[in-house]
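Me: I am new to this structure and would like a close look at one part of it, the closed space inside. Please start there and then lead me outward to whatever surrounds it, step by step.

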Amino acid sequence: MIEKKTLGKYDIVVIGAGHAGCEAALAAARMGKNTLILSMNLESVANMFCNPSIGGTGKGHLVREIDALGGQMGLAIDESFIQSRMLNTSKGPAVQSLRAQADKNRYHQMMKKALEEQEGLMLKQGEVIDIDLDEAGKVKGVLLRTGAYYSCDAVILATGTFLGGKVFIGDCAYESGPSGLAASTLLGENLKKRGMKFRRFKTGTPARVLSQDIDYEKMTVQEGDEEITPFSFMNDSLTGNVRDCYLTYTNEETHRIIRENIHRSAMYSGQIEGVGPRYCPSIEDKISRFPERERHQVFVEPEGLSTDEMYLQGLSSSLPEDVQLSFYRSIPGLEKVRLVRSAYAIEYDCIDPQELSLGLQYKGFQGLFCAGQFNGSSGYEEAAAQGLMAGVNAVLWMNGREPFVLDRSEAYIGVLIDDLVTKGTNEPYRIMTSRAEYRLLLRQDNADTRLTEKGRALGLVSDARWEKYLLTRRQMEEEMKRLAETTFAPKEINPLLEELGSSAVDNRVSLLELIRRPELSYDALAPADPERKPLPSHVKTKIQVNIRYEGYIEKQLSQVERFKRLETVRIPEEIDYQQIRGLRLEAIQKLSRLRPLTLGQASRISGVSPADINVLLVYMEKMRRSRSNGA
């Protein structure tokens, strides 16, 4: 029996200091709450246990939104990146995404320092084994393995892959968190006793090898961009592409080795019960699912500047170590590699996110908020976005205010949380640009325009960030006005247009009209515009996109207006779906369990049809009239 020792009181306690926990704790402290963040090992703070990078398709949008709201991830990666690339540059601005290779140890140090220096925030090493609740199910405090007890009003669970963690390498399976760290077992057991229901998900990671063992001559070099786009809106420009990445491929010999030994994979031998990520499968899964593919990409990425370790993206596996070494060495450039860290799969406990409100509060308890992989998502960026929102909403809940909810038309964060909470997920969820209906409005370049004012109203955005935002907004407004007013006669502009391969004009034309042409750009027209003031690249990008896609943006804004009509129709909290005649049984069951806040949210629940929404709308109108007559 552990002797409980009360060591202090905090407003909010965050359990876990991964990417979700860090953003949650920083947000809560910045909004004025005395916050404690607990990690089982302080060396794991914001650790990149899998790929050493931040951003990517869809994920880069999340990072810029986190930054626009006043979060930390964008600042940390800007301080620690070793290579940066803008993805999908041949496509439209809606799907272009920033991705940066990180010095993972430097990133960890930057986030840990941010936690340590944040006023009102205490970072402590310790393992939470239970959450104390009163008889009404309200959070009272947390108990650590040592017996230390901290009372609090709210808890944010951000346990990542540690809760009930179990590692698999071939036929070897053992309790563990990621990268050899200890798993958290007692907390999960106690939460189950309190009625919380868990599911098992799985993820995995490839082996790490030494750079000195790799023959890069057999690979294709992947260089960073010459002009680096920062993740944080606080930075106008960056330098620092100091390491290259490389591309190689598996081959028929690789596939033969894996096929002949696939029965030894923990995933195919029946040992693993957890569901893995669809969009980041193991190499044995890829070879089984796509037998017609002759090769698969392998990206060789540095783990940092202070280590020789290289990450082999695309080769996660749960095969035994001897098979891993054999198939790795069959790949061009990797013939002499040694495995510094073996690939492994890891199972962990998580919840059904449909047990959460849109504010990320667990419906079963009062004052318990959840974030990150514990909610069924995958990826650092998805975790950090949820962490920030959980931290904000824990503070708002304590202050008796309505939750801060971003809808699908406002942010990728809104898409992420709405998908998880409303639609649910049967596998680790990954954000993608294709999930966003209004992605032309939710570009990464305009995240500050969309969200910084909201962050300022919450108390998350510092004075320095606010001044930076106001400057950007002013620069945009002034330059857009100047571009519309700056005009040229045909004889003045046609020589340049001919030089740029653009058709001549017959009448006077403005710079704004010329930028609309797909073959022209803001920068290309600089020779005809010597009076223009120097502007940061991100401001120029916003201007060009707004001008060039004006018609499409207006069309999408009209679609958002129709979407908002359903989103603003709130469903009465006391509504009894069992009493609504005409609702199908499946709709009654799912609406009763999920308790959507609005008709828009109800319409996105799987199993609720448009006919059900119409029935619900009619019933709500009858309720409204009945109340009016009663008054």
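**A cavity and its surroundings**

Reply: Helix H11 (447–458) and helix H12 (463–485) each bring at least two residues to the lining of the largest cavity. Before we go further, please keep in mind that this is a predicted model. H12 has the largest share of that lining, with four residues. The full list of lining residues is Phe233, Asp448, Thr452, Arg465, Lys468, Tyr469 and Thr472. Sorted by class, these are two nonpolar, two polar and three charged residues. The volume of the cavity is about 50 Å³, and with a threshold of 30 Å³ or more the count comes to one cavity.

Let us stay with H12 for a moment and move along to glutamine 475, which is found in this helix. Its relative accessibility is 17%, so glutamine 475 counts as buried, the limit being under 20%. What does glutamine 475 touch, leaving aside its neighbours within four places in sequence? The contacts are Leu535, Pro536 and Val539. Leucine 535 is 60 residues away from glutamine 475 in sequence, yet their C-alpha atoms are 7.8 Å apart in space.

From the closed space we can turn to an open one. The second largest pocket has a volume of about 1100 Å³. It is lined by 43 residues, and the closest to its centre are Ser357, Leu358, Pro403, Arg570 and Leu597. Helix H10 (412–423) gives the most to this lining, five residues, while H9 and H10 each supply at least two. By class, the lining of this pocket holds 22 nonpolar, nine polar and twelve charged residues.

H9 also leads us to the packed interior. The largest nonpolar core has 107 residues, and Ile131, Val142, Leu157, Met196 and Ile413 are those with the most contacts inside it. Helix H9 (residues 380–398) gives the most to this core, eleven residues. Another core, of 23 residues, lies apart from it; Ala207, Tyr216, Leu312 and Phe327 are among its members. Such grouping fits a wider pattern: in soluble globular proteins, nonpolar side chains tend to be buried together.

Methionine 196 makes a good example to look at in the viewer. Not counting residues up to four places away in sequence, it touches Leu157, Leu191, Ile351, Tyr362, Phe365, Leu368 and Phe374. One of these contacts, Leu191, is a good place to step into another helix. In H5 (residues 186–193), the buried residues are Leu187, Gly188, Asn190 and Leu191. They lie on the same side of H5, because they cover an arc of only 165° around its axis. There is a simple background to this: an α-helix has 3.6 residues a turn, so residues three or four places apart point the same way. And what covers the buried residues of H5? The cover includes strand E2 (12–15), strand E8 (128–133) and strand E11 (154–157). After H5 comes glycine 195, which has a positive phi, near 100°.

That backbone angle is worth a short detour. Most residues other than glycine have a negative phi. Serine 179 is not a glycine, yet its phi is positive, near 55°. You will find serine 179 in the loop between strand E13 (172–175) and H5. Is serine 179 buried or partly exposed? With a relative accessible area of 34%, it is partly exposed.

Leucine 360 is also a residue other than glycine with a positive phi, in this case about 70°. It is found in the loop between strand E21 (344–350) and strand E22 (368–370). Leucine 360 counts as buried, with 2% relative accessibility.

One last stop is proline 281, in the loop between helix H6 (252–261) and helix H7 (283–289). Its relative accessible area is 15%, which makes proline 281 buried. Not counting residues up to four places away in sequence, proline 281 touches Lys286, Arg289 and Ser316. Its C-alpha atom and that of leucine 319 are separated by 13 Å, and the two residues are 38 places apart along the chain.

To return to your starting point, look once more at the cavity lined by Phe233, Asp448, Thr452, Arg465, Lys468, Tyr469 and Thr472, and trace the four residues that come from H12.

Definitions and conventions: Residues numbered from 1 in each chain as written. Predicted model: local features only at pLDDT ≥ 70, side-chain atom pairs only at ≥ 80, totals over all residues. Heavy atoms only, no water. Buried < 20%, exposed > 50% of the residue type's maximum accessible area, 1.4 Å probe, protein only. Arc of directions from axis to C-beta. Contact = heavy atoms within 4.5 Å. 1 Å grid on protein atoms, 1.4 Å probe; cavity = no way out; pocket = protein on both sides within 12 Å on 5 of 7 lines; lining within 4 Å. Points joined across faces, edges and corners; volume = space filled by probe spheres on them. Nonpolar A, V, L, I, M, F, W, Y, C, P; charged D, E, K, R; others polar. Core = buried A, V, L, I, M, F, W, Y, C linked by side-chain atoms within 4.5 Å.
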